[in-house]
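Dear colleague,

I am handing over the structure below, together with some notes on what came out of it. Please read the notes alongside the coordinates and tell me where you would like to go further.

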Amino acid sequence: MGEPRGIFCSAQGCVGDVIIEQRLVESKEPASHVPLACSAQYCAFPVDGNVLCLWNTKDPSYQPLTLQGHHEPITAVAFGNTVSPLLICSASQDYVIMWSLDECRQKVLQGLSPRGVIMGTLLGQVLCLRLSPDDRTVAVCAGNKILMLDIESRSILAELEGHQGHVTAAEFCPWQTHIIISVSEDRSFKVWDHHVGSLIYNSPVLTAFPLLSLLIDAKSRQLVTGCANGQLWIFSLVEGHHYRCVTRVSLKKKSESFSRRVESRLCSLPEESQRPCTHGLEKGEEVEASLPVLGLAPCDLSAIVSAPCVWGLSSETTSCLWIGSSAGLFIFNLANFELEAVLHYRDFRSLSIHVAGSCAVMSKANDDKAICLLTSLFGRKIVMLEIRVAALVRSQQGHDAGRHLSVLPRTCVGPTSPLCFTTAKESKTPPAPQRQSAGRSTVKDQPLVFHTKVRSSGYASAPHITMFSPKANTRKCGDHSSRRRDGPRCKEYPLENSPPTKLYKQRVLAYGPAAAHCVQYSGDGQWLACGLANHLLLVFRADLSGTPTVFSGHDGAVSTVCWSHDSRWLLSASQDGTLRLWSLRRAELALCVGKDVFSKPVRSAQFYYVDTFVLLSSGPELQLLKYHIDTCKDEIQRYKQKSRCKRVFRLPTTGRTEITSLSAVNDFYSYLVLTAGRNRTLEVFDLNAGRSAAMTVEVHSRPVHQICQNKGSSFTTQQHEAYNLFATTASGDGIKLWDLRTLRCERRFEGHPNHGYPCGIAFSPCGRYVASGAEDRHAYMYDLGSSTFSHRLAGHKDTVTSVAFSPAAPQRACPETQEEASFGRDFSVLLREGRLPIAGLSHPGRQAAAVRSGRLTAGRRPRRGARRHQDSRPSPPHTAAHARQCPPLLQGSPLLQERSWHPVLLHRMWAS
């Protein structure tokens, strides 16, 4: 047996603080695929074929313990789960033997040969052994069946048959000990109840390669299995999830992406702090075509990797695992499905093994050291490595990248900051002349009518207001009183809520081939705005009652809508290249910024710095506009355009890549702006300093189409750390949850199909849930503490494109009801009522609902030439009067007729 080899130095620099080769032994027989096992105190492996050897991992100076009893080569080894007595089981084609290590050690000290207990004979080729959590039962995977043996009576309790190939791995469920899960060369996994001896679940064929390894994580309640071509499959074992697939991961792609991220971090460091790169292969070396998953083991990084302690995102609840492969070791995070560290054997030139045939890893909780046992694929060497986990992880992570950032401002606004910009003192509009007595007034040039509000000019039959711009969307005075009566109550938004699940309301919005692109609730929760592809912007009441207000004027599809902080103004951006600001109270255009101002189309726009600025992206530039809205109530001068805006700051992205999405907080003063680029980068700008503050590369596999921050609402109070959370989404790459302080992806949400159309996402006001649209005509709800969806909301007929939560639904007259709306390509808006609010959009489907007598009925377009059925019911009393009050744009439209047509836009609600 070899002595510890000491500290090794690779050709690229000293790496003794990362890995130490403790022991080395050469077997007489080839050691390419021999079974390995590790526990907290021992490492076990067969040497010379049929001799079981054990190394002490705590003190390498101890002499190895050898156990002899097999006549055939040992094919499987497994440790028990209890500390005293510590058991180890070995199997070959002749025997299955159980050894008590305490008794074996005493026999050796007495000079006697240790002996084990034979559990079974001639059971076949055993590829895996696993002991139950209480060490009373051992599962023997012999051929294509699993034999459950009782350790005390040495009898067969159950025989589980059903696999079509050799069973390669099996694991007991930690929280349900009567459940055992197995994987096989038939490329599927099965769930068994070994107490009854029955099959609970049989998975379909997962891949074209055999499954080699298996792990059950008790924290996240997930099943992880790896196959021979380097694919990881993760399934949810949560009750009610029915073993759904959470995600599939390619180890090779993750390794390549991780190497590029580490290189970008090292290049961003100052020259004096840059270190030689030891994580990847040198230039000219070839990467293996596949990375077979040889072994899986739990890994504790709670003391190394920090996570925000909000809504189940603490580092104590984040699970990681070791992945052993032929080329190296990988630390994989089960929360964000990303690699935390990579250790390639070839990077350490003095290691005895560079290509592994078998691998076993063990690391204890709250311990910085991990023990790895390797066998050579092309030789007879077996080595034991000691890995310093903290040194490995920290050497490949950024140094305080983004740790100085926070959404909440920590300093005052600087004197040279763009946020200090103040326009010249605006000249106030002189008040309208007051009516004076004839005796005291002098003759002046003035209109014949001296009132502020002109009732009649006296020169034409039609009033001037209808000659220029008729106010078609003016509401009756009675509406304001009813809104005031039924408005939200001043009540704190409850943070402990369940998401909405039941559909309770549906509303037809428009007709015709026009998609719904975006939706947003106002800050007070009373209004719901949605932008359509037919150039219109509609504003509804939050409860979908009454007639929507129509804002027209864009010449292209409305791509972005945003409410001001006080809910008085509405900002919209369109594909026609213009930016328009609307007055909700007057239902008219207040400001229009044309395409001559912007060199590129406006992709995103919003109010910023508590309505002080308008923040937008145009091509590769981030622009800040200072605006002034003329609120003069003089009817004579209201047609003079006195509203104006001025660009006060512009800042290009790094590399001048096009901005695909931006986000900033407007509910309180914040200096930071988040942008996503076409090159898949995420960049944070500090507008107080007027520069880029941080950047991370390869955020998603495709460009990000939406950034959504956890902004809360005016009715909620969250932990201050929670406001630093934000989410990004890209087509085909799920949703990622980020912490702004570290620019780390903390969790990844998978499960909603989104491969081609950009589906929107939204945070709940309480910050506990993330909602997303999907291409399967459903809206998905995710809990921040889980990577898979908790609810799947049905009701749409096509792709759900946008979702939004109401910020104040719990404060309604019925405090136990909340609303959620979802919009999609079937042009429907679905509202769900529950303990959380949300809204969403979808595209047109083949069947929908039409308005009939103020209610919804299913309808189809009548075939050409068919006689229309005459409805005997009386027409609604509001139809005629309503048609006269509607703007000319909607007069004569099918919205006001008693017909059953395909709707363009539907609005639906859900309830819990």
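How many bridges join strand E47 to E48, and in which direction do the two run? This is a predicted model, and in it five bridges join E47, which spans residues 682–686, to E48, the two strands running antiparallel. One of the residues involved is Leu-682, whose bridge partner in E48 is Thr-696.

Both strands belong to an open sheet of four strands, in the order E45-E46-E47-E48, where the pairing is antiparallel. At the edges lie strand E45 (659–663) and strand E48 (691–696), each of which pairs on one side only, and from one strand to the next the twist averages 25°.

Following the chain beyond E48, one comes to Glu-698, placed in the loop that leads to strand E49 (706–709). Glu-698 has a relative accessible area of 15% and is therefore buried, the cut-off being under 20%. Its side chain makes a polar contact of 3.0 Å with the side chain of Ser-257, and, if neighbours within four places in sequence are left aside, Glu-698 is in contact with Ser-257, Arg-260 and Arg-680.

As for the cysteines, the structure holds zero disulfides. For Cys-420, the closest cysteine sulfur is that of Cys-412, at 9.9 Å, which is too far for a bond because a disulfide needs the two sulfur atoms within 2.5 Å. Cys-420 is partly exposed, with a relative accessible area of 34%, whereas Cys-89 is buried, at 0% relative accessibility.

With best regards

Terms used. Residues numbered from 1 in each chain as written. Predicted model: local features only at pLDDT ≥ 70, side-chain atom pairs only at ≥ 80, totals over all residues. Heavy atoms only, no water. Pairing = 2+ DSSP bridges. Axes fitted to C-alpha atoms, helices over the stretch in contact; angles between N-to-C directions. Buried < 20%, exposed > 50% of the residue type's maximum accessible area, 1.4 Å probe, protein only. Polar contact = N/O pair within 3.5 Å; in protein donor to acceptor, adjacent residues only side chain to side chain. Contact = heavy atoms within 4.5 Å.
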